[in-house]
Amino acid sequence: MRVLVVEDDPGVATFVGKGLAEASYTVDMANNGVDGFRLAQSQQYDCIVLDLMLPGKDGFSIIRDLREKGISSPIICLTARDGVDDRVRGLNLGADDYLPKPFSFSELLARIHALLRRGHGTSPTTIVVSDLTIDLLARTVHRAGKRIDLSVRESALIEYLARNSDRVLSRTMILEHVWGMNQDPLTNVIDVHINRLRKKVDIGFEKCLIHTIRGVGYVLREDS
């Protein structure tokens, strides 16, 4: 799953970004409202964690403008502005939840999970491809009933492939969605992780699910 964090406090941004990455989320970061609004329009996010007091464009404006554009990604307001009027204003503009600072990361994560369980937007909580099942909330992967233990990055990779099953994904697309926008495009990190995934997901099973399309990229689909 992919989360956008828009927070201008470096300490809070690092704390939240690191915690979400450790929980197997792909995280994009913005430290001002202008960049945050641009990113929120450029990608489909499963959740947006948004500070209200931002330079460039405040959080209230971002919420209003995103909803006016029909972008329905769940938004959690993470801010020191915990007055009732601010909460009501944010919720009326289209925010889905509110978490005042200071906060515990476990509560933030629980609130993200709660929003996803409500089925807000179009994101499923379980993905099934052939006999492969990915539980996005429990962060578990099973194939033919057998649990497969994956690293944080492997989990993010198999999830992205499964969300786009039968669609060939280029290396650039995978780098951007799984590793973020700052990864060196010449790195062989994708090939390394695909090989590790194949050993865990395909070897020992009757059918292969992960396929290489030479010169293009990779696809997850049931082998015919």
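This section describes the strand arrangement, salt bridges, a buried helical residue and backbone exceptions of a predicted model.

In the predicted structure, five strands form an open sheet in the order S2-S1-S3-S4-S5, and their pairing is parallel. Strand S2 (26–30) and strand S5 (97–100) are the edge strands, each pairing on one side only. Between neighbouring strands of this sheet, the average turn is 20°, with direction ignored. Within the sheet, strand S3 (residues 47–50) is paired with strand S4 (residues 75–79) in the parallel sense, and three bridges make up this pairing. Leu50 has Cys77 of S4 as its bridge partner. In general, the strands of a sheet pair through backbone hydrogen bonds, in either a parallel or an antiparallel manner.

Salt bridges were searched for across the whole structure, and 18 were found. One of these joins Asp96 to Arg67, with a separation of 3.0 Å between the closest N and O atoms. The two residues are 29 residues apart and belong to distant parts of the chain: Asp96 is in the loop between helix H4 (84–93) and S5, whereas Arg67 is in helix H3 (residues 59–68). Asp96 has a relative accessibility of 17% and therefore counts as buried, because the buried class covers values under 20%. Arg67, with a relative accessible area of 22%, is partly exposed.

A further salt bridge is formed by the side chains of Glu154 and Lys200, at 2.8 Å from N to O. This pair again links distant parts of the chain, with Glu154 in helix H6 (residues 152–163) and Lys200 in helix H8 (residues 189–201), 46 residues apart. The relative accessible area of Glu154 is 3%, so this residue is buried, while Lys200 is partly exposed at 34% relative accessibility.

Helix H8 also takes part in the salt bridge between Arg171 and Asp191: Asp191 lies in H8 and Arg171 in helix H7 (residues 171–179), 20 residues apart. The N-to-O distance of this pair is 2.9 Å. Arg171 is partly exposed at 33% relative accessibility, and Asp191 is likewise partly exposed, with a relative accessible area of 25%. In addition, Asp46, Arg139, Glu159 and Arg163 are joined into one network by salt bridges that share partners.

Leu20 is located in helix H1 (residues 10–22). The residue is buried, with a relative accessible area of 0%. Not counting residues up to four places away in sequence, Leu20 touches Val3, Val5, Tyr25, Val27, Phe105, Leu109 and Ile112. The C-alpha atom of Leu20 is separated by 10.0 Å from that of Met1, although the two residues are 19 residues apart along the chain.

Several backbone features merit separate description. Most peptide bonds are trans, and most residues other than glycine have a negative phi. Lys101 and Pro102 are joined by a cis peptide bond, with omega at about -5°. Pro102 lies in the loop between S5 and helix H5 (105–117). Ser130, which is not a glycine, has a positive phi of about 55°. Its place is the loop between strand S6 (126–129) and strand S7 (132–135), and Ser130 is partly exposed at 35% relative accessibility. A positive phi, of about 75°, is also found at Asp166, which is not a glycine. Asp166 is in the loop between H6 and strand S10 (169–170). With a relative accessible area of 59%, Asp166 is exposed.

Conventions
Residues numbered from 1 in each chain as written. Predicted model: local features only at pLDDT ≥ 70, side-chain atom pairs only at ≥ 80, totals over all residues. Heavy atoms only, no water. Pairing = 2+ DSSP bridges. Helix = DSSP H or I, 4+ residues; strand = E, 2+ residues; numbered from the N terminus. Axes fitted to C-alpha atoms, helices over the stretch in contact; angles between N-to-C directions. Salt bridge = Lys/Arg side-chain N within 4 Å of Asp/Glu carboxyl O. Buried < 20%, exposed > 50% of the residue type's maximum accessible area, 1.4 Å probe, protein only. Contact = heavy atoms within 4.5 Å.
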